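Hi there,

Here is the structure I promised to pass on. Please have a look at it first, and then read on for what turned up.

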Amino acid sequence: MLIDSYDRVVDYLRVSVTERCNFRCQYCMPEKPFSWVPKENILSFEELFEFMKIAIDEGVKKIRITGGEPLLRERLDVFIKMIYDYEPSIDLAMTTNAYLLKGTAQRLKDAGLQRINVSIDTLKPDVAMRIAQKDVLKNVLEGVNEALKVGLKVKVNMVPMYGMNADEIIDVLEYSKERGMSIRFIEYMENQYADKSISGLKSEKLLEILSAKYEFEDEGFDGSSPSHYFRMKDGYRFGIIEPYEDDFCKKCNRIRLTAEGQLIPCLYFDEAMSIAESIKKGDIKGAAAVLKEVIRTKPEKNRWGGDDAEMSSRAFYETGG
Ligand code: SAM
Ligand code: SF4
């Protein structure tokens, strides 16, 4: 079992298989980075899998594939099958912008993927065009339909922003609810790469908007999920991720691996250690030692809120959110 210095059990590994993306979301990657990680530095699926086996053997029970846009990486279904075949009981999920899901959902499901989180910030084509800087909405919604059709469980992520999609909070919730998908509103998290003009809605404002239409109860936190949950009278549950509160750090159970093998103990901070060299040499003990050191040095909490708040210099497209 992996236990950090604050007695938190770490059993969740998020793996970003590429930092590249086919969208340019204003809050994540409004401009193409000055330089991508060179292709030769990207770990192969076999190399990523070597590390994931170590993590699973040490107690990781949940794996999420993310990016950048994970579906840009070829043979993703083969990678998913490698993980599933090694440990079928792993809770195996993916976060995607859904643009390329239409032709791939069935193969991903057959490979062992159980759940996906899709980013739906708007149901208006022109707003989607403004946020992602590309005409994406038709493909995204077709991708979501396909995922539901093949039987993947789908959760929706929405980042509500003033002057952009704040007037669609109810519409996106209703769209999700009608299709049996739960929704999580993610407070916009400031970072050095995002468009500086963005202003995100905080949970207080979100709850004000939602309570004008619905009655719901505060259910608090559930397990180690960072979501603060609320349940409506008809049983539908929605979540809000509130990084400007410290609460979700108290139960944080996750670490992140980037496509080039950087193992990151916290989404907010720059600190990371590489497993690439050990994995490339076949040094399993060395990679396991890096994993343990990263767990040992996992910080107590992020710094989005509080008096010592600073701008995070971690790119979401690199860590996978
Ligand atoms: N490309 C995939 C997608 O968009 O779902 C996966 C990677 S993306 C980095 C993962 C999640 O991070 C998305 O739900 C996205 O909305 C969220 N995200 C990105 N930048 C963010 C920011 N600055 N604040 C809050 N959420 C952010
Ligand atoms: Fe790409 Fe996802 Fe970032 Fe948007 S949020 S730019 S889709 S990685």
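In which loop is the place of Ala-98? Ala-98 sits in the loop that runs between β3 (91-96) and α3 (105-111). Please keep in mind throughout that this is a predicted model.

Ala-98 caught my eye for its backbone: its phi is near 75°, a positive value in a residue other than glycine. Most residues other than glycine have a negative phi. Ala-98 has a relative accessible area of 0%, under the 20% limit, so it counts as buried.

Asp-7 also has a positive phi, near 65°, and is not a glycine either. Its setting is the segment before β1. With a relative accessible area of 67%, over the 50% limit, Asp-7 is therefore classed as exposed.

The segment before β1 (12-16) also holds Ile-3. Ile-3 has 44% relative accessibility, which lies between the 20% and 50% limits, so it counts as partly exposed. Together with Met-1 and Val-9, Ile-3 makes up a nonpolar patch on the surface. The accessible area of these three residues together is about 310 Å².

Now to the ligands, beginning with ligand 1. This ligand is surrounded by 19 residues, and the closest are Tyr-27, Gly-68, Ser-119, Asn-157 and Met-189. Sorted by class, its shell contains seven nonpolar, 10 polar and two charged residues.

Some polar contacts to ligand 1 may interest you:

- Glu-69 places a polar side-chain atom 3.2 Å from a nitrogen atom of ligand 1.
- Asn-191 likewise has a polar side-chain atom 3.2 Å from a nitrogen atom of the ligand.
- Thr-96 takes part through its backbone, with an N or O atom 3.3 Å from an oxygen atom of ligand 1.

As for how much of ligand 1 is covered, its accessible area on its own is 540 Å², and the protein covers 95% of that.

What are the residues around ligand 2? They are Cys-21, Phe-23, Cys-25, Tyr-27, Cys-28, Gly-68 and Asn-97. By class, five residues of this shell are nonpolar and two are polar, while none is charged. Tyr-27 and Gly-68 appear around ligand 2 and are also among the closest residues to ligand 1.

Happy to talk any of this through once you have had a look.

Best wishes

Conventions:
Residues numbered from 1 in each chain as written. Chains lettered and ligands numbered in written order. Predicted model: local features only at pLDDT ≥ 70, side-chain atom pairs only at ≥ 80, totals over all residues. Heavy atoms only, no water. Near = heavy atom within 4 Å. Nonpolar A, V, L, I, M, F, W, Y, C, P; charged D, E, K, R; others polar. Patch = residues over 30% accessible without salt bridge, like charges linked within 9 Å, V, L, I, M, F, W, Y side chains within 5 Å. Areas by Shrake-Rupley, 256 points an atom, 1.4 Å probe, with all protein chains shown as cover. Salt bridge = Lys/Arg side-chain N within 4 Å of Asp/Glu carboxyl O. Helix = DSSP H or I, 4+ residues; strand = E, 2+ residues; numbered from the N terminus. Buried < 20%, exposed > 50% of the residue type's maximum accessible area, 1.4 Å probe, protein only. Polar contact = N/O pair within 3.5 Å; in protein donor to acceptor, adjacent residues only side chain to side chain.
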